[in-house]
Amino acid sequence: MSVPGMTDTTEAVARARAGDADAWGELYRDFAPAIFRFCRRTLPTREDAEDATMEIFMKLRDKLSQYDETRSFSAWLYRVAANHCWDILRRRKIRQDKETDDVEDVPLEHPDPSQLDRLIEMKTSEEVRHALHKLGARARMALVLRYYSDMSYDEIADALGVRRAFVGVVLLRARHELRQALEGKSALAAGGTS
Amino acid sequence: MREPGSPVSQEGPDGTMDHLDEMTCLLYAERQLDRARAQTVSAHAQECASCRTLLRALDRESRLLTRALLEEDEPLPSRLAQFQERARQSFGWIWGVILGLAATGVYALYTGFVEPWEQRLEQAGFGGTSLLSLLIFQGAFWKGWQSVITLLEVLAMLTVAGFGVAVFRRRLRRGAALALVLAGLCAAFALPAPAGATEFHKGETYELAKDETVKSDIFVTGARARIDGTVDGDLFFFGQSIDISGHIKGDAIIFAQSVRVNGQIDGNIRSFANNLTITGTVARNVLTFNEVVNLDSAGKVEGSLTTFAQSVGIDGHLGRDLTAMAGETIISGTIDGEVRAKGRNMSIAPSAHVSGSIRYEGDNPASVAAGAKLASPVQFTKMRHKSRYTQGHYYVWRVIWTAAFVLFGMVLFLLLPKFAGETVRAGERFGAPVGLGVLVFFGVPIAAVIACVTVVGIPLGVLTLGLWLLALFCAEIVVGTVVGNWILGKPADTWGLIGRMAAGFVLVRIVYTPLADLHVIGALVALGIWIWGMGSIALALYNRLQPTASQGAIPGPLPPVAMPPHTTVGGIQPA
């Protein structure tokens, strides 16, 4: 992830807020690759990711005055990106029914630690990325927010619109879906007593 | 409902020992447990090998996920290389202007050119079609297809199709969008009813004897043909000369050097020939592109005659109107309709009999013999050879056409940004594109015509010819972009390329327009642009078809991945 030093970013943000186009250009150059990759991980197609990246930065530019400089710029950036991508997915109605609370009550099968360890050891990054796109939108989004954007459970709860206490459940279910996808089973079947 | 993360123990796989559940392990690994619970988990893990394995597996899973997600497997697309907001905003009004110009152009062209011609042709018996559709889409190969397609309509249709793809690509993958549009086009092409059975004859000479009858359409290629018998359908002829003394019950569509009609044709004649002589009877209309057209004194056309020729002679009987764009028009026979002619000279002999009005625009006044029977005097208009550069509408049209091509190019570049870049790069090499361009420019139409000689080759030939025409449209756009790159430097993204295309195209137009009037030089420059542009497209296609290195090539060593703090395994939540 291409993230510049904190001091540089803070200074660039301050200049960009003052209307310095070059400073905005610097911020864009520094963060656009990471945001594009974020969009690529969360949205179904490359074209969607390209469009979303541009839209996120347009939104950011408009909202730059609202940014609280005492907090991390990249965290704020990812929150905006997460909201934008989640809105796109929600508009397309590809959020699945199992995001409702009752589904979280379905117990997950306890994995065999040794088998899980072996499965993880055998899989490559590329296989994981491939499997990730077979996941439901929310599961994929949760994993990306946590392991790509490094968001806290509170931030993930806020972005996904779930209670903070259920973020762990969402992440665990996402991992189960991912394991099933890695094993070649239907991701949609994940989350139950498989 | 159980509180997630509560350290509820679970029976182990062996049924003999309690273990931590997976949720608890995950929350512990992610440092989401409070101090007391974390200490409980930690103590248990020290005693239980199975739970330690699970914690280790979850930790490895977290690391695998982080690494997989953080790896830079795709570069930032070129169109995102720079922030585009300013460009998008500036292009907003350009889009508006171009779309407005294009819409105006389409409307103006239709009302000012296409519609009058359609009316004129409708009067001549070709209702609902335009000149270009007669030439291209209602020719021999496309008979029965009633599409009204003009040059600008083709351009407009392609542009609209491009917009369709651009809209769909937000919803679908690019391939799927293209497939959708192509499927739509294929469906559109498949809609016209297939032509009936056709007889094909190929050889040096063909002769249909007097007592022979062809019960279907007949398609003849060869040096000479003689039709003394009867054809129940249409006659198509490609060759040197044809003599029709028999009876054609359908239309006669002829591409030949010499055409002589002594017999009877119940339908229309559409001919592209050097000489056309009619001494027989044509029941409907005649449309010709010839050097010499002669309706002999014994000849009779019951419909109208529309001709583009060097010399037109009407000695026989014409049932309806004469529309002629000819150097010389001589009327000595009978015309029951009107005469509209444009050319250098017109002569009306004493034996002439014209029932309708005569409107003639030419260099010299019509020469009317004293004995000629005319319904009204000739309405003569002196043809003005005013320089078109002094006429305002000339510039308006130039702007409209330029805008239409820029719009077309923009749509193409947005649809195929990568291929557009490759084509322009190919164009920057001179030798290869020019050499290949000569081959494509001359070779492809010849190959397409040859392919059309065979039955199975007709669709292939027509499709090839269509693609060739498309490449011809695009050639000037490609050359304009190369010129734009020379002047403004290499673009950073697709919009930069589009900007250079627009600037270069306009420049090429400005330079080329005055040269176009210098006949030989203008033709050579146009030929050069076409060859260069088509060669670039062909070279880019050729490069695309070359085998490339496998996509699955082994990547270099992975860069070290910085682990986010929340994924650190084990430990208690900070107070």
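1. Starting with one residue pair in this predicted model: B:Leu305 sits across from B:Leu322, the latter in strand E19 of chain B. That pair belongs to a parallel match between E17(B) and E19(B), the latter covering residues 322–331, and nine bridges hold the match together in the DSSP sense.

2. E17(B) has other partners too. Strand E14 of chain B, residues 286–289, runs parallel to E17(B) and is joined to it by four bridges. For a handle on the register, look at B:Phe289, which faces B:Phe308 of E17(B).

3. Next up is strand E15 of chain B, residues 292–295, also parallel to E17(B), with four bridges. Here B:Val292 is the residue opposite B:Ser311 in E17(B).

4. How much of E17(B) is buried? Mostly covered is the short version: the strand spans residues 305–314 of chain B, and seven of its 10 residues are buried.

5. Now for the contact between the chains. On the chain A side 46 residues take part, and they meet 44 residues of chain B. Which helices of chain A each bring at least two residues to that side? They are H2 (21–42), H3 (46–63), H6 (113–122), H7 (125–132), H8 (137–147) and H10 (167–183).

6. As for the make-up of the side of chain A that touches chain B, it counts 25 nonpolar residues, 13 charged ones and eight polar ones.

Methods. Residues are numbered from 1 along each chain as its sequence is written. Chains are lettered from A and ligands numbered from 1 in the order in which they are written. This is a predicted model: local features need pLDDT of at least 70, side-chain atom pairs count only at pLDDT 80 or more; totals for chains, interfaces and linings use all residues. Two residues are in contact if their C-beta atoms, placed from the backbone, lie within 7 Å. Ala, Val, Leu, Ile, Met, Phe, Trp, Tyr, Cys and Pro count as nonpolar, Asp, Glu, Lys and Arg as charged, and the others, Gly among them, as polar. A residue is buried if 20 or more other C-beta atoms lie within 10 Å of its own, exposed if 12 or fewer, and partly exposed in between; C-beta atoms are placed from the backbone. Two strands pair if DSSP finds at least two bridges between them.
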